[in-house]
Amino acid sequence: MLSGAAERGFAVAGPSAPRFFGTLNPRVMALKVTPGMDGRVVDALRPLCDALVVEAFGLGGIPEYAGVTDALLNWADAGKTLVMTTQCPFEGADLSVYEVGRAFCNRPGVLMGGAATTEALLAKTMWALAQAERPDGTVDREKLAALFASC
């Protein structure tokens, strides 16, 4: 027999009860890679954002022209976070497929978005960044990666 709360569709407290977090990092932006894009776009976002959710071409193609690859790698090297995903709705990202994407694989500060939607990755990144922030304002990248992988 269900309790009154369960009958009405409310969560019942217990070992798997939901946890709520009141902190998000809003300094996260989606960046769709486009033909002809210039790396200065990424550079211009650096003071405004802590993370970018990058929608790459296909399985993970990043343009090498106009400094885009270098700007994104410099972003991660500066302690910022990149979440790599694809513009393809049914594929998911796999940066190991193309040579230009391999520079991002296993690099500190670069997280793989898999087959999640850009919207889900934005929310997930906002949440994980806020939880992984140290008191001095820096991000614990190991904690960030573990949190990101946990949900």
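Reader: Which residue lies over the face of Phe148?
Author: A charge counts as sitting over a ring if NZ of Lys or CZ of Arg is within 6 Å of the ring centre and within 35 degrees of the ring normal. At 4.3 Å from the ring centre of Phe148, the residue over its face is Lys124.

Reader: What pLDDT do local features need in this predicted model?
Author: Residues are numbered from 1 along each chain as its sequence is written, and side-chain values use heavy atoms, with hydrogens and water left out. As the model is predicted, totals for chains, interfaces and linings use all residues, side-chain atom pairs count only at pLDDT 80 or more, and local features need a pLDDT of at least 70.

Reader: Over the ring of which residue does the charged end of Lys80 sit?
Author: Here the charged end of Lys80 is 5.7 Å from the centre of the ring. That ring belongs to Trp75.

Reader: How many aromatic pairs does the structure hold?
Author: Rings of Phe, Tyr and Trp (its six-membered ring) pair if their centres lie within 6.5 Å, and planes under 30 degrees apart count as stacked, over 60 as edge-to-face and the rest as tilted. By that test, the number of aromatic pairs in the structure is zero.

Reader: In what order do the elements of the chain run from the N terminus on?
Author: Helices (H or I, at least four residues) and strands (E, at least two) are DSSP runs numbered from the N terminus. The chain has six helices and four strands. Their order is α-β-α-β-α-β-α-β-α-α.

Reader: What share of the 151 residues of the chain count as buried?
Author: Buried means under 20% relative accessible area, exposed over 50%, and partly exposed in between (1.4 Å probe, protein chains only). Of the 151 residues, the share that counts as buried is 38%.

Reader: Why is helix H3 largely enclosed by the rest of the structure, and which residues of H3 are buried?
Author: Helix H3 covers residues 68-77, and it is largely enclosed because seven of its 10 residues are buried. The cover over them includes helix H2 (39-45), strand S2 (51-56), strand S3 (81-86), strand S4 (110-112) and helix H6 (141-150). The buried residues are Val68, Thr69, Ala71, Leu72, Leu73, Trp75 and Ala76.

Reader: With which residues is Leu73 in contact, leaving aside its neighbours within four places in sequence?
Author: Leu73 belongs to helix H3, and its 12% relative accessibility makes it buried. Contact means heavy atoms within 4.5 Å. Beyond those sequence neighbours, Leu73 contacts Ala103, Phe104 and Arg107.

Reader: Which residue just after H3 takes a positive phi?
Author: The phi there is about 90°. The residue is Gly79.

Reader: What phi does Asn106 have, although it is not a glycine?
Author: Most residues other than glycine have a negative phi. Asn106 sits in the loop between helix H4 (99-102) and S4, and it is exposed, at 80% relative accessible area. Its phi is positive, at about 55°.

Reader: Which residues does Pro108 touch, not counting residues up to four places away in sequence?
Author: Pro108 is also in the loop between H4 and S4. With a relative accessible area of 53%, Pro108 is exposed. Outside that sequence window, Pro108 touches Ala76 and Arg141.

Reader: Is Thr85 buried or exposed?
Author: Thr85 is placed in strand S3. Not counting residues up to four places away in sequence, it touches several residues, including Val53, Val54, Ala93, Gly114 and Leu121. At 2% relative accessibility, Thr85 is buried.

Reader: What relative accessibility does Ala149 have?
Author: Ala149 lies in helix H6. Its C-alpha atom is 28 Å from that of Val41, 108 residues away along the chain. Ala149 counts as exposed, with a relative accessibility of 68%.

Reader: How far apart are the C-alpha atoms of Ala17 and Trp127?
Author: Ala17 is in the loop between helix H1 (4-7) and strand S1 (28-32), and it counts as partly exposed at 28% relative accessibility. Along the chain, Ala17 and Trp127 are 110 residues apart. In space, their C-alpha atoms are separated by 19 Å.

Reader: What share of the contacts in the chain with a separation of 6 or more comes from residues 24 or more positions apart?
Author: This is a total over the chain, restricted to contacts with a separation of 6 or more. Residues 24 or more positions apart account for 63%.
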